[in-house]
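Colleague: Hi! Please pick one packing contact in this model and take me through it closely, with the cut-offs spelled out as you go.

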Amino acid sequence: MDILGFIVTLLPIIVSPGASFAIALNSTLTQGMKGLLVPIIGTGLGILTHGLLVGIGLSKILASYPWAMRSIGILGTLYLVYLSITLINTGLKVGKSAANNVIRTVTVKDAYLANLLNPKAIVLYLVVVSNFVGTDPSLISFLVLSSIHVLMMAAWLAVSCGSLIIFSSSIQINTLRKYINIGGGILLLLITLTPYLF
């Protein structure tokens, strides 16, 4: 198992914005650092599920049925588009009258499904992670790499969202929430739809 190679390969993937990052930013702005725990748990469970599915061979079986992979890809894309629109709508509603300013709390299920149905995460585990388990891949190998992925993701989200909280003290939180939700939603929408546009 090539743990160092895995870490080096995974680092740019982790620090690039995606669904987990957008969900974590939104949750942190809404609930502070305690709100970060929910996206970390949900995303972590999604990552471990991908490791488990690849480790037991189920993902490989699914990959042999193009219609199943397309269906999962479409479901994942639709879910990520839904999350994008939800973030944009939340950002647009920030600062409106108190009656309209209900903030939707992110759940573990939201973060889990965002990771589990994300076509990029599926491909990451089918193609990239499989290259680092060694010549005799086992379920334990995939779960070890998945656990490392969870730890790296949690550390990155803690550092980036913690920095956001520290620096947000000098910025009005509603303004920050508005721009991060709208910007994060648009970015997530672009990342999600780009494969279909080009």
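Modeller: Happy to! A crossing is called right-handed if the near helix is turned clockwise from the far one by less than a right angle, and left-handed if anticlockwise. By that rule, α3 and α6 make a right-handed crossing. Helices here are DSSP runs of H or I with at least four residues, strands are E runs of at least two, and both are numbered from the N terminus.

This is a predicted model, in which local features need pLDDT of at least 70 and side-chain atom pairs 80 or more, while totals for chains, interfaces and linings use all residues. Residue numbers start from 1 along each chain as its sequence is written, and side-chain values use heavy atoms, without hydrogens or water.

Helix α3 covers residues 37–55 and α6 covers residues 108–116; their axes come within 7 Å and cross at roughly 35° (axes are lines fitted to C-alpha atoms over the stretch in contact, with angles from 0 to 180 degrees between N-to-C directions). On the α3 side, the residues that meet α6 are Val38, Pro39, Ile41, Gly42, Thr43, Leu45, Gly46, Ile47, Thr49 and His50. Facing them from α6 are Val108, Ala111, Tyr112, Asn115 and Leu116. By class, this contact has 9 nonpolar residues, 6 polar and no charged ones (Ala, Val, Leu, Ile, Met, Phe, Trp, Tyr, Cys and Pro are nonpolar; Asp, Glu, Lys and Arg are charged; the others, Gly among them, are polar).

Two polar residues deserve a closer look. Asn115, in helix α6, has a relative accessible area of 9% and is therefore buried (under 20%; exposed is over 50%, partly exposed in between, with a 1.4 Å probe and protein chains only). Leaving out residues up to four places away in sequence, Asn115 touches Ser20, Thr43, Gly46, Ile47, His50 and Ala121 (contact is heavy atoms within 4.5 Å). Its partner His50 sits in α3 and counts as buried because its relative accessibility is 5%. Beyond its neighbours within four places, His50 is in contact with Asn115, Leu116, Ala121, Ile122 and Tyr125.

Asn115 has company: the buried residues of α6 are Asp110, Ala111, Ala114, Asn115 and Leu116. Among the elements covering them are α2, α3, α5 (66–93) and α7.

Stepping back, α3 also feeds the largest nonpolar core, which has 28 residues; Phe6, Val129, Leu145 and Leu157 have the most contacts inside it (such a core is a set of buried Ala, Val, Leu, Ile, Met, Phe, Trp, Tyr and Cys residues joined through side-chain atoms within 4.5 Å). Two or more residues each come from α1 (3–15), α2 (19–31), α3, α7 (119–128), α8 (139–168) and α9 (173–197). Helix α8 gives the largest share, 10 residues. Apart from this core lies another, of 11 residues, including Ala22, Leu83, Leu87 and Leu117.

Leu157 belongs to α8 and is buried, with a relative accessible area of 2%. Ser20 is one of its contacts outside four places in sequence; the two are 137 residues apart in sequence, and their C-alpha atoms lie 8.7 Å apart.

Over the whole protein, there are 9 helices and 0 strands, and buried residues make up 43% of the 198 residues. Of contacts with a separation of 6 or more, 84% join residues 24 or more positions apart.
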